[in-house]
Amino acid sequence: MERLIVITDQDVIEAHHLPEMLHYVQPSATKVSVTDILPLKSAVELLERQLLGMAKEKYGTTTKMAEALGVDQSTISRKLGRWKL
């Protein structure tokens, strides 16, 4: 995600910006909107929090969340604990 934010010169990251191996993502989930300038680290954290909140609401368990987000279950647990989601 960080790489996409850095190399994309548009305000919205779309499916055609993603590497070929990630084109399986549902079209409704591929739009990221940036409305103001902020530190890159903050932007990445905000995006992660949004994705985790959405995944938690949709999937409920850390195992299903991890599968949907393409990370290990331990990563999901650690990030949920960090942000108390």
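**Close-up views of a predicted model**

**View 1. Val-34 lies in the loop between β2 (32-33) and α2.** The model shown is predicted. Val-34 has a relative accessibility of 42%. That value falls between the 20% limit for buried and the 50% limit for exposed, so Val-34 counts as partly exposed.

**View 2. Val-34, Leu-38 and Leu-46 make a nonpolar surface patch.** The patch covers about 240 Å². Its loop member, Val-34, sits between β2 and α2.

**View 3. Seven residues form the largest nonpolar core.** They are Leu-52, Ala-55, Met-65, Ala-66, Ile-76, Leu-80 and Trp-83. Three helices, α2 (40-59), α3 (62-69) and α4 (73-83), each give two or more residues to this core. The largest share comes from α4, with three residues.

**View 4. Ala-66, a member of the largest nonpolar core, and its contacts.** Neighbours within four places in sequence are set aside here. Ala-66 is then in contact with Val-71, Asp-72, Gln-73 and Ile-76. Of these partners, Ile-76 is also listed in the core.

**View 5. The whole protein has four helices and two strands.** Along the sequence, the pattern reads α-β-β-α-α-α. The protein has 85 residues, and 20% of them count as buried. Its accessible surface comes to about 6600 Å². Carbon and sulfur atoms hold 55% of that surface. Among contacts with a separation of 6 or more, 34% join residues 24 or more positions apart.

Key
Residues numbered from 1 in each chain as written. Predicted model: local features only at pLDDT ≥ 70, side-chain atom pairs only at ≥ 80, totals over all residues. Heavy atoms only, no water. Core = buried A, V, L, I, M, F, W, Y, C linked by side-chain atoms within 4.5 Å. Buried < 20%, exposed > 50% of the residue type's maximum accessible area, 1.4 Å probe, protein only. Contact = heavy atoms within 4.5 Å. Patch = residues over 30% accessible without salt bridge, like charges linked within 9 Å, V, L, I, M, F, W, Y side chains within 5 Å. Areas by Shrake-Rupley, 256 points an atom, 1.4 Å probe, with all protein chains shown as cover. Salt bridge = Lys/Arg side-chain N within 4 Å of Asp/Glu carboxyl O.
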